[in-house]
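Trainee: I should like to examine this model with you, beginning with its overall form and then turning to individual residues.

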Amino acid sequence: SFYLIGMWYKRSEAQRRYSFFFGSTSLAGAFGGLLASAIGKMSGMRGYSGWRWIFILEGVLTCVVAFLFFFMIPDFPENAKWLSEDERSYVKARLHKDQGRNAAERAISFRDVVNVFKDYKIFVGGFMYFGLIVPAYGYAFFAPGIIQRWSP
């Protein structure tokens, strides 16, 4: 999703979309537990435990949505069949002014990959993400055990 956002929006516009994406993942996590709880109550149907129903239904839905979106969402504005030629040209010109040529116009070389790893901002961003995600997942996965130990 980050790749697609970067291919369609200018850098100044993409930040709001990235924030929305991260916010929606938190919201999805909140409602995911409710959905899993409801599906878990299907325990015994067709001889399957509730946890199996969670994996079956959520897995099938994920696979179906991924298969459909693979064919529905274009990588680049140049490939979008639902845009007119003028609209494609407009989006391409906006992105070209902001980012330069995109990956659809030139192949990525080994030198490009090496240049990415030379950029300190990649590592700083990675450490920032690591610093954000480790405490969040640590709390999410271990909070029930910690609370249970502290309970009288």
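The exchange below moves from the whole chain to single residues.

Trainee: On what basis are the values computed, and what pLDDT do local features need?

Mentor: Residues are numbered from 1 along each chain as its sequence is written, and side-chain values use heavy atoms, with hydrogens and water left out. The model is predicted, with totals for chains, interfaces and linings using all residues, side-chain atom pairs counting only at pLDDT 80 or more, and local features needing pLDDT of at least 70.

Trainee: How many helices and strands does the protein have?

Mentor: Helices (H or I, at least four residues) and strands (E, at least two) are DSSP runs, numbered from the N terminus. From that terminus the elements run α-α-α-α-α-α. The count is therefore six helices and zero strands.

Trainee: What is the radius of gyration of the protein, set against that of a compact globule?

Mentor: The radius is taken over C-alpha atoms, and the globule rule is 2.2 Å times the number of residues to the power 0.38. The C-alpha atoms fill a box of roughly 60 × 40 × 30 Å along the principal axes. For 152 residues a compact globule would have a radius near 15 Å, but the protein has 22 Å.

Trainee: What percentage of the residues is buried?

Mentor: Buried means under 20% relative accessible area, exposed over 50%, and partly exposed in between (1.4 Å probe, protein chains only). By that criterion, the buried portion of the 152 residues is 14%.

Trainee: Which residues form the largest nonpolar core?

Mentor: In soluble globular proteins, nonpolar side chains tend to be buried together. A nonpolar core here is a set of buried Ala, Val, Leu, Ile, Met, Phe, Trp, Tyr and Cys residues joined through side-chain atoms within 4.5 Å. The largest such core has five residues: Met7, Trp8, Phe76, Ala80 and Leu83.

Trainee: Which residues does Met7 contact, leaving aside neighbours within four places in sequence?

Mentor: Contact means heavy atoms within 4.5 Å. Met7 is itself a member of the largest nonpolar core, as is Phe76. With the sequence neighbours set aside, the contacts of Met7 are Asp75, Phe76, Pro77 and Leu95.

Trainee: Is Arg88 buried or exposed?

Mentor: Arg88 belongs to helix α4 (residues 85–99). Beyond residues up to four places away in sequence, Arg88 touches Pro77, Glu78, Ala80, Lys81 and Leu83. Its relative accessible area is 18%, so Arg88 is classed as buried.

Trainee: What is the relative accessible area of Arg46?

Mentor: Arg46 is located in the loop between α2 (11–40) and α3 (50–72). Although not a glycine, Arg46 has a positive phi of about 55°. Arg46 is exposed, because its relative accessible area is 76%.

Trainee: What separates the C-alpha atoms of Tyr48 and Trp150?

Mentor: Tyr48 also lies in the loop between α2 and α3, and is partly exposed at a relative accessible area of 35%. Not counting residues up to four places away in sequence, Tyr48 touches Met42, Ser43, Trp53 and Ile56. Trp150 is 102 residues from Tyr48 along the chain, and their C-alpha atoms are separated by 35 Å.
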